[in-house]
Amino acid sequence: MRYLLIIWLLSLMGVSQHLDNTSPDVPTDEGVIEVEEDVFIHWWKYERDSSTITFVLHGGPEGHTEWMRVGAEELADELGTVVFYDRRGCGESSRGIDLTNIGYEQEVTDLSKVISNISANGRRIIVLGHSFGSTIALQPSLYDVVSVDGVILSAPFLGLSESENDFNSGEPIVCPEAPVRIEKEPECDDGIYAAWEENEDYLEQSHYASLEMIDIPILAVGGTCDWLYTNAVERRIRYFNNQALTYRYPLGSHIALFDNPAAFRDSIKNFLKIVQ
């Protein structure tokens, strides 16, 4: 059972997902940033006249942002200016990379360089981590090098053991079939999963304690049909950070935020008031 859960989890966190017969929204601007010699990060910005700018971390360890940028304009309408980027080794960022040092420290360094190279123009900075990306958003070292004003955890993955223990707990929920977005396998370098497991043992790490170390507004959002973000996980987040705001979309899937950005409106109202 545990083996099957892990396989299913990896498919959720890393698979490339696409809306049928659609393409990513055309960005206001896009470009690349050299984060180290011959390693480039590709980014896309959806600009709005807003007081905030949000940097999105996709799931993984494999995965990329192409499916997330389908409907990015609508998400920006609700959240303000949004920047997506593919992490090194995935999507349209540098491929064939050296995996020796892949891990949280490297990801924090890359994110800090993306933030510093894309002008915030005085706007408040929000980091949004989706699924596995939430573990990067919760790295305390990030807040030592970047001034971040708020964190959004979308369908957060904060440790396999906790989610597995919560699986099928409580009253069963009859869930609709999740939207089909899968069209192709993840476009990432071979060996990324194995490197993360060897370097960070990421499936077994628990990141709840990091919630206590981050003294800025935190919002956790997810769907009631997402087994990663269960009632127990929601309660555990508030236990470790009693200032955190939490919200669960009724019958929402693991990608509820991106399936229905308009539903995101209610969950972010109080969060944005605090951040702004």
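## A strand pair and its surroundings

In this predicted model, L219 stands opposite L245 in strand 8. That pairing belongs to a longer run, since five bridges join strand 7 to strand 8 (residues 245–249), and the two strands run parallel. On another side of the account, four bridges join strand 7 to strand 6 (residues 150–154), and these strands are parallel too. Within that second pairing, the bridge partner of V151 in strand 7 is I218.

How do strand 7 and strand 8 fit into a unit with a helix, and which helix is it? The helix is helix 9 (residues 231–240), and together with strand 7 and strand 8 it makes a right-handed β-α-β unit.

Is strand 7 (residues 218–223) enclosed or open? Six of its six residues are buried, so strand 7 is largely enclosed by the rest of the structure. The residues point in two directions, with I218, A220 and G222 on one side of strand 7 and L219, V221 and G223 on the other, and all of them are buried.

### Strand 6 and the cores

V151 has its place in strand 6, and with a relative accessible area of 0% it falls under the 20% limit and therefore counts as buried. Leaving out residues up to four places away in sequence, V151 touches V127, A137, Y143, I216, P217, I218, L219 and F271, a list that includes its bridge partner I218. The C-alpha atoms of V151 and L128 are separated by 5.8 Å, although the two residues are 23 residues apart along the chain.

L153 is in contact with G129, S134, A137, L138, L211, I218, L219, A220 and V221, when its neighbours within four places in sequence are set aside. In the largest nonpolar core, which has 52 residues, L153 is one of those that touch the most other members, together with F55, L111, I118, V127 and I237. Helix 3 gives the most to this core, with five residues. Apart from this core lies another, of 26 residues, among them Y46, W67, V82 and I255. In soluble globular proteins, nonpolar side chains tend to be buried together.

### Helix 3 and the loop before it

Helix 3 has 14 residues, and from its first C-alpha to its last it reaches 20 Å, close to the 20 Å expected at 1.5 Å a residue. Its buried residues are Y104, Q106, E107, V108, D110, L111, S112, V114 and I115, and L111 is also among the residues with the most contacts to other members of the largest core.

Y104 is touched by T135, which is also in contact with F157 and H207 when residues up to four places away in sequence are not counted. T135 lies in helix 4 (residues 133–137) and is buried, with a relative accessible area of 0%.

N101 lies in the loop between strand 4 and helix 3. Is N101 buried or exposed? At 56% relative accessibility, N101 counts as exposed, because the limit for that label is over 50%. Outside the residues up to four places away in sequence, N101 touches Q106 and N199. N101 and N199 are 98 residues apart in sequence, and their C-alpha atoms are 7.7 Å apart in space.

The accessibility of several residues discussed in this report can be set side by side.

| Residue | Relative accessible area | State |
|---|---|---|
| C90 | 1% | buried |
| C188 | 8% | buried |
| N101 | 56% | exposed |
| T135 | 0% | buried |
| V151 | 0% | buried |

### The disulfide

How many disulfides does a search of the whole structure find? The search finds one, and it joins C90 to C188, with 2.1 Å from S to S. The pair links distant parts of the chain, 98 residues apart, with C90 in the loop between strand 4 (81–85) and helix 3 (104–117) and C188 in the loop between helix 6 (160–166) and helix 7 (192–200). With 115° about the S-S bond, the link of C90 and C188 is right-handed.

### The chain as a whole

The chain holds eleven helices and eight strands, and 59% of its 276 residues count as buried. Of the contacts between residues at least 6 apart in sequence, 81% join residues at least 24 apart.

Definitions and conventions:
Residues numbered from 1 in each chain as written. Predicted model: local features only at pLDDT ≥ 70, side-chain atom pairs only at ≥ 80, totals over all residues. Heavy atoms only, no water. Disulfide = S-S within 2.5 Å. Buried < 20%, exposed > 50% of the residue type's maximum accessible area, 1.4 Å probe, protein only. Contact = heavy atoms within 4.5 Å. Core = buried A, V, L, I, M, F, W, Y, C linked by side-chain atoms within 4.5 Å. Expected span 1.5 Å × (residues − 1). Pairing = 2+ DSSP bridges. Right-handed = clockwise from strand over helix to strand, strands pointing away.
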